[in-house]
Amino acid sequence: MPSPNIAIVGLGRMGANMARRLAEKSFHIAALYDVRREAAAALAAELHSRAAQSLAEVTAAADFILTVVTDDQAMRDIFTPSGDNLLVGAAGRTFINFATISPQVHLEVEAAAHRAGAAAIEACMASSIAQARQGSLYLILAGDPVVVERTAPILESLSTARRYVGPTGRAAQVKALVNMVMNINTAGLAEGLGLGDALGLDLTMLREIFSQTGANSRVLETDGADMQAREHECYFSAAHAAKDSGIAVALAKESALHLPLAEAALSQYQLMITKGLGELDKSGIAELTFKGRCIL
């Protein structure tokens, strides 16, 4: 069977590397789009693709449109029912939406796609930039299972593991909880290492002991050394951590739950943004907890 035409909307760190991976796997990347036109043009030149000048042009060029945008507003903007949008001429198209956004927005997009004669599913990513490039993402899938199955060749090329969790909205709920817990763990680790530093403990020793005890976590493995060395190259930004924790806290309020740890972690990431540290990796939260680093 010929390779389907694929387009990607949103060419940040994740979207661009997903495009590279799919091109490497011999998928035809028919169009690329980003509000940063120069980013789309550069990646199109690299992949011998086309930088679309409008969202309608994206839809016209592709059978499957992958969206990897920043937040709820960006998602609504590309699917808005008026002006230039992805639903112009969308009959028969399939949208695979990868962004971490509110469940309600995924439901809105699915309904709008159906009205246009198209289909839409969620494919929330519980991985980072390197995994996007290597095709080793962990994907949390939701939506019509028939549509999910139709997208299988694309999803299999981007991931090494996939979990279907139910109808549209469920993947966004699960992803919000994944990132909520990750962000709490990250904030807790930063406080533990910050206090250890204030006590004059050897932090390499402390991290090794953490790894063999109940203080161990995936975050210790990915962020611990970076917190100690103050190396915060961005793989998952503090700004995104704040956004995702905010989604989880909002879901908790809708469910009449008080989650003090989630709210505290959210406050710390919001403080990073206020201090101009929002584009640091989430490990940069340690800049708020070590003495002499960031003056509060």
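Which strands does α1 lie across, and at about what angle does α1 run to β1? The exercises below start from this question and then work through the sheet, some buried residues, a helix pair and two loops.

This is a predicted model, in which local features need pLDDT of at least 70 and side-chain atom pairs count only at pLDDT 80 or more, while totals for chains, interfaces and linings use all residues. Residues are numbered from 1 along each chain as its sequence is written, and side-chain values use heavy atoms, with hydrogens and water left out.

**Exercise 1. Place α1 against the strands, and describe the sheet.**

Step 1. Helices (H or I, at least four residues) and strands (E, at least two) are DSSP runs, numbered from the N terminus. With these names, α1 lies across β1, β2, β3, β5 and β6, and runs at about 165 degrees to β1. Contact means heavy atoms within 4.5 Å, and angles run from 0 to 180 degrees between N-to-C directions, with axes fitted as lines to C-alpha atoms, for helices over the stretch in contact.

Step 2. Two strands pair if DSSP finds at least two bridges between them. Seven strands form an open sheet with mixed pairing, in the order β2-β1-β3-β4-β5-β6-β7. At the edges stand β2 and β7 (159–164), each with a single partner strand, so one side of each has no neighbour in the sheet. From one strand to the next, the twist averages 25 degrees.

**Exercise 2. Follow β3 to its neighbours and decide how its two faces are placed.**

Step 1. Strands of a sheet pair through backbone hydrogen bonds, either parallel or antiparallel. Strand β1 (residues 5–9) is joined to β3 by four bridges, and the two run parallel; here I6 stands opposite F64 of β3.

Step 2. Strand β4 (residues 94–97) also pairs with β3 in the parallel sense, over four bridges, and I65 stands opposite F95 in β4.

Step 3. Buried means under 20% relative accessible area, exposed over 50% and partly exposed in between, with a 1.4 Å probe and protein chains only. Strand β3 (residues 64–67) is covered on both faces, since F64 and L66 on one side and I65 and T67 on the other are all buried.

**Exercise 3. Describe the surroundings of M125, T59 and N179.**

Step 1. M125 belongs to strand β5 (residues 119–125) and counts as buried at 7% relative accessibility. Strand β5 is joined to strand β6 (residues 137–142) by four bridges in an antiparallel run, and M125 stands opposite L139 in β6. Not counting residues up to four places away in sequence, M125 touches M14, M18, V68, F98, L137, Y138, L139 and K175. M125 and A171 are 46 residues apart in sequence, and their C-alpha atoms are 9.4 Å apart in space.

Step 2. T59 is found in helix α3 (residues 55–61), where it counts as buried at 0% relative accessibility. If neighbours within four places in sequence are left aside, the contacts of T59 are I65, L86, V88, G89, A90 and R93.

Step 3. N179 is part of helix α9 (residues 170–198) and is buried, with a relative accessible area of 3%. Beyond its neighbours within four places in sequence, N179 is in contact with T100, F236 and D244.

**Exercise 4. Work out how α10 and α11 are packed.**

Step 1. Helix α10 (residues 203–211) packs against helix α11 (residues 218–229) at an angle of about 165 degrees, with the axes 11 Å apart.

Step 2. Angles under 35 degrees count as roughly parallel, over 145 as roughly antiparallel, 65 to 115 as roughly perpendicular and the rest as oblique. The helices α10 and α11 are therefore roughly antiparallel to each other.

Step 3. The contact is made by L203, T204, R207, F210 and S211 of α10, together with L220, G224, A225 and Q228 of α11.

**Exercise 5. Find where S26 and A256 lie, and state whether each is buried or exposed.**

Step 1. S26, a residue other than glycine, has a positive phi near 75 degrees. S26 sits in the loop between α1 (13–24) and β2 (28–33), and S26 is exposed, with a relative accessible area of 59%.

Step 2. A256 is not a glycine either, yet its phi is positive, at about 60 degrees. The loop between α12 (238–254) and α13 (260–274) holds A256, which is exposed with a relative accessible area of 70%.
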